[in-house]
Structure formats: C-alpha cells, structure tokens
Amino acid sequence: MALSYHKNCYLKSIEAEVLSCEAADLRVNGQTLEGYEVVLTDTVLFPEGGGQPDDRGTIDGVPVLRVTRRGDKAVHFIRQPLTVGASVLVNLDWLRRFDHMQQHTGQHLITAVADNTYGYATTSWNLGERICSIELDTPTITDDVVEELENAVNQLILDGLLVTPTLYESNGHQDLKTVRTRGLPDDHVGPVRVVTIENLESNMCCGTHLSTLSHLQMIKLLGVEKGKKSKCNLLFVAGTRVRQYLRKCVKNEKALTTILKGGPDQHEQLADKLQKSLRVAQKSALMMSRDLALLEAERFIIAIHSNGSRLLSLHRKDGDAEFMNIIANEVTAKNSDAVVFLTVGDEKGSGLFLLAGPEKVVSAVGNSVCSVLEGKGMIKHGKFQGKATKMKMRAEAEALVKSNLQ
C-alpha cells in the first residue's frame, strides 16, 4: 500500500490511526534513547531511502526522532507511548522536507543530463547537511564541461519541466523496462514508484520530489573531487541552499576585504602577496631560532669552562624540536660530560622535551623524566626525547636529572 508521502509530497499533515506502539531503543550520537516504535495507518513522514534522509515532524505534538522503512510500513520512533486504535495528527517539518525535495530532484536532473549528454553514469549520491555530491563513473570532468552542465540544468529549471511520480503495482510491468534504476532493495514489498522528469528521463525512486523543476529555483555546481577508483564526485547545492551558500560567500568576502584591505577583485593578488611575505618571515624566524640555539649552546660551553657546571636546563615557549637538537648537538659535541635538559611549549600545558649527555645518565633518568612529565618518548641517537602533557612538572623533572649528577 502506498502511503501519503508517496502520493503527495507536498502534503504537510494528515490524520491517521495508531496500528501498533511497541517499546524500543534508538541510538543517537552515541547515546541510547528509550522510546516507542509506532506504526500508523498512514503518514506524511518519509522514511530514509533512495539516498534521502528521513523526515522529522510530530505525532499529536510528540517529536518524531527517526522514521525507518520495514517492508511496506513506516516506523516512527517517539519518546512517549500512544494508544493503539487512537486517532492522531501527523505534522511534517516542511522546511527540512522541502530542502530534501530540492536536493533530490536536483540530483535526478543532474544525473539525467550528465548521462544523456556526456555518458557519465551516476553510481551513488549523498545528500549532505550543507553540500550534496554525485558519484559519476568517470575519472574527472573538465571545468568547461562542469560549466556546460550547470548551464544545461538551469535552462531546464527555467523551462519549468513537470516532475511526475507514477506507482506500478507490479515490478514486472512493461513500462519499468525502460526506466533508469539501480535495483530495488531486497526487502521491498508493495508498489514500485517511478519519478519522471518531463521529456527527459524516468527513474525508479522511493524518495520525495518536487512537482516541477521551477521549484528547484537554481542549481550551482561547486566543482569536482577525486572519488574512489576511477570515479569522481560532483558537488552541488540546489534551491534554497544556493542562497544560503551565496550568503556565506558574501560574508567571507566582506571579512577578507577587511583583513586584506582590498576589494574582492584584489583578494587573490593580495592573498598571494601575503603568503609570500609570510614565507619570508618564517624563513627569517627559522634562521633566528637556529642562531639563538647556537648562542645558547655557546653560552653554556663558556659557563662550563668558567664554573664547571655540567647541566644545561632551558625552557623556551616558542622553541621546537630542531631548536633543542641544535643546542644538544653543539654542547655534547664539545663536552662529552655535559648533560642537557631542554623543553619547549606551554609551561602549564603540553610540549616537547629532550635529555642528552652521557649514556649512563640518559639511560638512568630518561624514563623517570618522561613519567614525571606524563609524556611519551624513547632513546634515539643517544638522546631521550618525546612529548610531555604536564609541563608544569618541569622543575621536578629537572630535580631528578640534578640528583643523578651528584
């Protein structure tokens, strides 16, 4: 039996009778919700299928959290029980549904034109929360073809072609031999539904669709991404999502105008100039960091000769692994008896540490230092180095090193 969401996709509410209400659980975002699975004599809420997510809405004011298909039945999950045999009012979340209708009909349109014109068959598609994608059986699509395809589908939207669903009682009907299909689910029962775009294509589909392409308003193709094996993914938005996408682009454009201090026509040039300046600054900073590391090493080597100190303990918030290794290598190369304990990163958070010096010292306290800093590390090339998650224990770690030198 065909339910109302199949017969009239624009129907927003309906009265129905409760056929069953059974206790059940639902997993949502890692949590288990206790509730009830409800089956009605009819519904306007579409269960997930055909690549389209399920609808949301209410039954007598109680939110429906999930709708699934089991055979020819739509099963609604709610948190409150309903009386079997009771008459209830089912209301649809229309904004969510209409968005899904626009994206799904948009996919059918793009699929038909891409296949009919360029021979690019659709192998799957995804209706995402913000952007949709169609997997096409071709390794890539040129920018020129993407532009041609976008122009073609939007011209058909402008033509306002009709979109018509047809229900066939039998899967063996003669008309079904010529429709586009990827097959029916193994558990399918009941009528077979075909969605036809006037003078363009007929596609076997259980999803909800617009009645005319004019309700699509517009389709924007956002580009092509590499897919699995020899396929590619064509990204798109349709209908209201085009305005939402454009609104976000305008907001980003205004922000970039403020940051780059130039209009949209200059953004690319100004961003490129900024990147080049950043690379120069990063190179200069790297050179200065290396010079500073050498100076720190030289300062300690002088201290060894003047006061006999064996331990160099140093923390630098903006340092990195290279900074520590330059110091350690310089010091230990000129004084094999020296011990170097270095850390970089947030003094109260996480960072990196390095312990270098005589093998017996590094082996004796390396693991203990790592443990105090609640880190992970190992001895490599004569140094114990790793990541620390509790840099605020640095003083205690330094005390361990000092105690081993006595």
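Here is a short back-and-forth about why certain labels apply in this predicted model.

User: Why is His100 called buried?

Analyst: Its relative accessibility comes out at 5%, and buried means under 20%, so His100 gets the label. His100 sits in helix 2 (residues 94-118). Setting aside neighbours within four places in sequence, His100 is in contact with Gln52, Pro53, Asp54 and Leu127.

User: And what makes Ser133 buried?

Analyst: Same kind of check: Ser133 has 17% relative accessibility, the cut-off is under 20%, and so Ser133 counts as buried. You'll find Ser133 in strand 9 (residues 132-136). Not counting residues up to four places away in sequence, Ser133 touches Trp125, Asn126, Leu234, Leu235 and Phe236.

User: Why is helix 7 called roughly antiparallel to helix 8?

Analyst: Look at the angle. The axes of helix 7 (residues 359-372) and helix 8 (residues 394-405) cross at roughly 160° and come within 9 Å. Angles over 145 degrees count as roughly antiparallel, so helix 7 earns that description relative to helix 8. The crossing is right-handed.

User: Which residues make the contact between them?

Analyst: Helix 7 brings Val361, Ala364, Val365, Ser368, Val369 and Val372, while helix 8 brings Glu396, Ala397, Leu400, Val401, Asn404 and Leu405. By class, that contact of helix 7 with helix 8 has 9 nonpolar, 2 polar and 1 charged residues.

User: What makes strand 15 and strand 18 edge strands?

Analyst: Start with the order, which is 15-16-17-19-18 in an open sheet of 5 strands with mixed pairing. Strand 15 (311-316) and strand 18 (375-380) each have a single partner strand, so one side of each has no neighbour in the sheet. Neighbouring strands here are turned by 10° against each other on average, direction ignored.

User: How do you know that strand 15 pairs with strand 16?

Analyst: Count the bridges: pairing takes at least two, and 6 bridges join strand 15 to strand 16 (residues 339-345), with the two running parallel. One such partnership is Ser313 with Phe341 in strand 16.

User: Which helices lie across these strands?

Analyst: Helix 6 (residues 321-334) lies across strand 15, strand 16, strand 17 (351-356) and strand 19 (383-388), at about 170° to strand 16. Helix 7 lies across strand 16, strand 17, strand 18 and strand 19, at about 160° to strand 17.

User: Why are strand 4 and strand 5 at the edges of their sheet?

Analyst: That open sheet has 7 strands in the order 4-3-7-1-2-6-5, with antiparallel pairing. Strand 4 (62-64) and strand 5 (66-70) have a single partner strand each, so one side of each lacks a neighbour in the sheet. Between neighbouring strands the average turn is 40°, direction ignored. Strand 5 pairs with strand 6 (residues 73-78) over 5 bridges in the antiparallel sense, and Arg70 has Lys73 as its bridge partner there.

User: What joins strand 7 to strand 1 and strand 3?

Analyst: Bridges, against a minimum of two. Strand 1 (residues 13-28) runs antiparallel to strand 7, with 5 bridges between them, and Glu17 stands opposite Ser87. Strand 3 (residues 57-59) is also antiparallel to strand 7, joined by 3 bridges; there Thr58 has Asn91 as its partner.

User: Which residues are on the covered face of strand 7, and which on the uncovered one?

Analyst: In strand 7 (residues 87-92), Val88, Val90 and Leu92 are on the covered face, and Ser87, Leu89 and Asn91 are on the uncovered one. In a regular strand, side chains alternate between the two sheet faces.

Methods:
Residues are numbered from 1 along each chain as its sequence is written. This is a predicted model: local features need pLDDT of at least 70, side-chain atom pairs count only at pLDDT 80 or more; totals for chains, interfaces and linings use all residues. Side-chain values use heavy atoms; hydrogens and water are left out. Axes are lines fitted to C-alpha atoms, for helices over the stretch in contact, and angles run from 0 to 180 degrees between N-to-C directions. Helices (H or I, at least four residues) and strands (E, at least two) are DSSP runs, numbered from the N terminus. Angles under 35 degrees count as roughly parallel, over 145 as roughly antiparallel, 65 to 115 as roughly perpendicular and the rest as oblique. A crossing is left-handed if the near helix is turned anticlockwise from the far one by less than a right angle, and right-handed if clockwise. Contact means heavy atoms within 4.5 Å. Ala, Val, Leu, Ile, Met, Phe, Trp, Tyr, Cys and Pro count as nonpolar, Asp, Glu, Lys and Arg as charged, and the others, Gly among them, as polar. Buried means under 20% relative accessible area, exposed over 50%, partly exposed in between (1.4 Å probe, protein chains only).
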